[in-house]
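This report walks through a protein model, sheet by sheet, and ends at its ligand. Please view the sequence and structure first.

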Amino acid sequence: MWVMWMHYKSTRNSGLSLPASQVIAQGISEEGGLFVPESLPQVQEKLPLWREMDYRTLAKAVFGEFLTDFSQEEISHCVENAYTPGKFGGEEPVKLIPLTENKHLLELWHGPTCAFKDMALQILPHFLTKSLEKSAEGKEAVILVATSGDTGKAALEGFKDVPGTKILVFYPRDGVSPMQKRQMVTQEGQNVGVCAIEGNFDDAQTAVKTIFTDPGMKQALYDKGMMFSSANSINWGRLLPQIVYYFYSYLELHRTGRITSFSEPVNIVVPTGNFGNILAAYYASQMGLPVKKFVCASNRNKVLTDFIRTGVYDRRREFYATSSPSMDILISSNLERLLYALSGEDSNILAGWMGKLQKNGVYDVGPEVREKVQKLFYGGFCDDEATAQTVRRTWEQEGYLCDTHTAVALDVYRQYVEETGDGDTPAIIASTASPYKFVGHVLGALEPVQEEDEFENLHRLEALTHTQAPQQLVSLQGKEPRFTQVTPREQTADYVRRTLGLA
Ligand SMILES: *Cc1c(COP(=O)(O)O)cnc(C)c1O
């Protein structure tokens with residue numbers, strides 16, 4: 001059989017041409033750009049065939065288009081280990097829930113940590129170990145993560161006991177929610193480490209970056225047969241798995257009869273932070289999935305809303321800690337990939353804009369690219385009050401209990417329909433976390449909250465709504481912490497050396 005090889009270039013160096021395994025092992029391109037496919041596979045004609053597939057079979061088909069230096073057996077191994085039946089609750093890892101005739105919630109949070117990041121971080125470790133076998137002589141991967149909450153836990157669960165990997169997670173001592181902290185310090189697994197850092201998220205991130213780029217550390221690791229690798233959300237290996245569920249949910253609308261042709265468009269609504277999840281939907285559409293509009297929903301940190309409306313990306317603004325903390329972000333890294341596509345794949349232009357962002361905190365893409373963005377995307381935002389109101393209304397009027405991130409998406413979608421009148425196009429709305437993961441805010445939207453204790457709130461929310469908290473969260477109550485270490489920022493490197501047994 002004749003196989004098309006898929007290569008990858010960088011948003012800041014169009015001249016590169018690397019295989020998928022190297023792109024996944026490396027994470028980010030040397031000049032600071034992000035890896036993108038040289039071209040996107042066109043799959044319109046395969047949709048009738050894909051319609052008949054279960055999630056895992058579809059995932060293998062999608063990955064087969066992109067990971068052309070992996071064998072079918074290797075891809076199959078990755079998929080079967082990541083999306084094992086039962087690991088995400090039911091037979092299929094995602095669920096599509098109709099709220100009304102036209103509103104469908106795509107639940108992506110039935111995995112081990114109750115947030116959508118599991119969809120990618122359950123499979124990334126398998127992609128990564130295969131990639132290292134191919135491009136780095138089977139070196140052991142050491143993953144360092146600085147986290148403000150969701151990513152750290154999802155990465156720990158993904159890499160837990162995966163042969164050929166070790167993972168160390170650093171979180172700011174005073175910067176994560178009680179439930180998130182509990183999730184991390186009770187983490188199981190033989191190859192994991194978790195450490196609190198004195199300071200805020202920036203301190204943790206700086207400490208990790210310093211270690212990553214320390215030549216002495218790199219050599220010491222190399223001598224031990226190890227190398228640093230990244231589970232960061234800009235790794236292509238995290239974006240690719242997210243393309244699958246947009247096809248799956250569209251085809252599910254087809255299977256249930258809500259859509260009857262393979263050209264009928266949908267709207268896709270995504271609560272957005274780093275622009276990864278919504279970018280995967282855009283890639284799906286460029287491959288042949290019919291999408292009318294991408295609705296990009298932000299919280300009060302509305303840098304993307306402003307960008308979509310004005311073409312000016314301006315991070316020089318106050319940072320707000322909101323009730324949807326996983327979207328509290330002022331630099332949406334993956335936007336770079338969209339702008340690369342919309343500016344004619346000109347890496348010089350991109351390098352210029354990203355340089356301006358770093359130096360001045362602002363760049364302007366000009367009218368031509370702005371119009372292209374606006375043709376595809378609708379941007380909107382809502383504050384904490386509107387978020388709470390949406391949680392309450394969605395529960396009272398539609399009988400659906402949603403988390404705060406999903407509520408942001410629902411409210412911005414409401415604004416979109418109000419503004420455009422486009423309420424008849426079927427909408428797929430990404431539901432990105434279990435309501436029990438952000439239980440204080442969700443309960444607080446329904447009644448005044450008295451308790452500080454997360455588990456009191458969890459049980460109260462269960463009693464009030466007659467819904468069930470995920471077992472993954474319930475079972476954390478009373479579980480012994482394994483990782484109680486707190487390290488000053490400047491001693492982080494010592495912790496890494498000690499834990500890895502380096503000289
Ligand atoms: C990470 C996260 C998001 C934002 O996703 P991006 O890909 O960063 O845009 C939204 N909701 C939840 C619950 C998350 O954990």
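Which residue in strand 3 is the bridge partner of Lys9? The partner is Val36. The model is a predicted one.

## The three-stranded sheet

Lys9 and Val36 belong to a wider pairing: strand 1 (residues 7–10) and strand 3 run antiparallel and are joined by 3 bridges. They sit in an open sheet of 3 strands, ordered 2-1-3, with antiparallel pairing. Strand 2 (13–19) and strand 3 (35–37) are its edge strands, and each pairs on one side only. On average, neighbouring strands here are turned by 40° against each other, direction ignored.

A helix covers these strands. Helix 14 (residues 335–342) lies across strand 1, strand 2 and strand 3. Its angle to strand 3 is about 45°.

## The six-stranded sheet

Another open sheet has 6 strands in the order 4-5-15-10-11-14. Its pairing is mixed. Strand 4 (95–98) and strand 14 (377–381) stand at the edges with a single partner strand each, so one side of each has no neighbour in the sheet. Neighbouring strands of this sheet are turned by 25° against each other on average, direction ignored.

Within the order, strand 10 (residues 266–271) and strand 15 (residues 427–431) run parallel. They are joined by 3 bridges. Asn267 has Ala427 of strand 15 as its bridge partner.

## Helix 13 and its contacts

Helix 13 (residues 303–310) lies across strand 11 (291–298) and strand 14. It runs at about 140° to strand 14.

Helix 13 also meets a helix. Two packed helices are described by the angle between their axes and the distance between the axes. For helix 13 and helix 16 (residues 366–376), the axes come within 7 Å and cross at roughly 115°. Helix 13 is therefore roughly perpendicular to helix 16. The contact brings Phe307, Ile308, Arg309 and Thr310 of helix 13 to Arg370, Val373 and Gln374 of helix 16. By class, it holds 3 nonpolar, 2 polar and 2 charged residues.

## The ligand site

How many residues surround the ligand? There are 15, and the closest are Lys117, Asp150, Gly273, Asn274 and Thr432.

Oxygen atoms of the ligand have polar partners in the protein. Asp150 uses its side chain: an N or O atom there is 2.9 Å from a ligand oxygen. Phe275 uses its backbone, with an N or O atom 3.1 Å from a ligand oxygen. For Asn277, a backbone N or O atom lies 2.9 Å from a ligand oxygen.

Definitions and conventions
Residues numbered from 1 in each chain as written. Predicted model: local features only at pLDDT ≥ 70, side-chain atom pairs only at ≥ 80, totals over all residues. Heavy atoms only, no water. Pairing = 2+ DSSP bridges. Helix = DSSP H or I, 4+ residues; strand = E, 2+ residues; numbered from the N terminus. Axes fitted to C-alpha atoms, helices over the stretch in contact; angles between N-to-C directions. Contact = heavy atoms within 4.5 Å. Parallel < 35°, antiparallel > 145°, perpendicular 65-115°, else oblique. Nonpolar A, V, L, I, M, F, W, Y, C, P; charged D, E, K, R; others polar. Near = heavy atom within 4 Å. Polar contact = N/O pair within 3.5 Å; in protein donor to acceptor, adjacent residues only side chain to side chain.
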